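Work through the exercises below with the model open. Try each task before reading its solution.

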Amino acid sequence: MDSKVPFRYPCAARGYLIKERIGSGSFGRVYRAAVFKISWNDFVHAARAKLICPTIVQILSENGYRDQPNLLLEITVGEIMRMLGENVKHKTSVASDVIAAIDSCKIETKKEVAIKILDEDENEWRHVQREISIMHNLRHRNIVRVYRAFLKCGAMDQIWIIMPLLEIGSLRRLIRTKIQFCNGIKDPKLLASILKQVLAAMVYLHEDGRVHRDLKA
């Protein structure tokens, strides 16, 4: 892969392997997860093993998945059925076989992310989308980026927000887990350093015409 091409994080739950829960908050949980990738050749072999007709594989190729195989991680049964058209019989079964082939040839990468999962019934997707859109365009070293966000539909709809994995965790977690901070941070120099970084991020937001209404440790 060309090093100049930015890595594209999948926009579907199929693209991630959740490993452990690392935090929680209002209506949400945060997990450490690995990122999957997929190669076209591996998919072709998997499709052949599942006796998927070569014509089906060719249709996917013609729709751009050969050139961008990682997009297979985002494809849905409905999208596959639409691509197959009216001449293919048992479309639902065929589409399910394609999904199974994709799942069987995913490769776990060394990239890890943090995934914040929100229960959709507690969070209006439209409002969350607006906030995510703002965060996605922010570029400041003291503001956590958002790589991707999507709605995972199921028995309980969930909003998945893909972010960088910060190994040390949040300031709140640091205060709770470090013995020297069990009674709070008392060192004025350390407090000043933390506040300086927070205020730098706030200045950036204000200069961009934005206000953060939920600051917390």
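**Exercise 1. Place R148 in its strand and list its contacts.**

Solution. Start with the strand: R148 belongs to β4, residues 148-152. Strands here are DSSP runs of E with at least two residues, helices are runs of H or I with at least four residues, and both are numbered from the N terminus. Next, check exposure. R148 is partly exposed, at 23% relative accessibility. The cut-offs are under 20% relative accessible area for buried and over 50% for exposed, with partly exposed in between (1.4 Å probe, protein chains only). Now list the contacts, leaving out residues up to four places away in sequence: R148 touches R8, Y9, P10, C11, Y16, E74, W160, I161 and I162. A contact means heavy atoms within 4.5 Å. Last, take one distance. The C-alpha atoms of R148 and I115 lie 9.6 Å apart, with the two positions 33 residues apart in sequence numbering.

Note the ground rules before going on. The model is predicted, so local features need pLDDT of at least 70 and side-chain atom pairs need pLDDT 80 or more, while totals for chains, interfaces and linings use all residues. Residues are numbered from 1 along each chain as its sequence is written, and side-chain values use heavy atoms, without hydrogens or water.

**Exercise 2. Do the same for F36.**

Solution. F36 sits in strand β2, residues 28-37. Its relative accessible area is 11%, which makes F36 buried. Beyond residues up to four places away in sequence, F36 touches P10, R14, G15, Y16, L17, L73, K106, I107, E108 and T109. For a distance, take S96: it is 60 residues from F36 in sequence and 19 Å away in space, C-alpha to C-alpha.

**Exercise 3. Move to a helix. Is V128 buried or exposed?**

Solution. First locate V128: helix α5, residues 125-136. Then read its relative accessible area, 12%; V128 is buried. Now compare sequence with space. V128 and D42 are 86 residues apart in sequence, and their C-alpha atoms are 36 Å apart.

**Exercise 4. Which residues other than glycine have a positive phi?**

Solution. Begin with the background: most residues other than glycine have a negative phi. L51 is one case, with phi near 60 degrees. L51 lies in the loop between α1 (40-49) and α2 (54-62). At 77% relative accessibility, L51 is exposed. H90 is another case, with a positive phi of about 55 degrees. H90 lies in the loop between α3 (77-84) and α4 (91-104). At 65% relative accessibility, H90 is exposed.

**Exercise 5. How many disulfides are there?**

Solution. Apply the rule: a disulfide is a pair of cysteine sulfur atoms within 2.5 Å. The count is zero. Check C53: the nearest cysteine sulfur belongs to C105 and is 18 Å away, and C53 is in no disulfide. C105 is in no disulfide either; its nearest cysteine sulfur is that of C53, 18 Å away. Now add exposure. C53 is partly exposed, at 39% relative accessible area. C105 is buried, at 9% relative accessibility.

**Exercise 6. Describe the whole protein.**

Solution. Count the elements: seven helices and five strands. Their order along the sequence is β-β-α-α-α-α-β-α-β-β-α-α. Then test the spread. The radius of gyration is 21 Å, well over the 17 Å from the globule rule for 217 residues, so the protein is more spread out than a compact globule. That radius is taken over C-alpha atoms, and the rule is 2.2 Å times the number of residues to the power 0.38. Along the principal axes, the C-alpha atoms fill a box of roughly 70 × 40 × 30 Å.

Turn to burial and contacts. Of the 217 residues, 34% count as buried. Among contacts between residues at least 6 apart in sequence, 64% join residues at least 24 apart.

Finish with the surface. The protein exposes about 14200 Å², and carbon and sulfur atoms supply 52% of it. Accessible areas come from the Shrake-Rupley method with a 1.4 Å probe.
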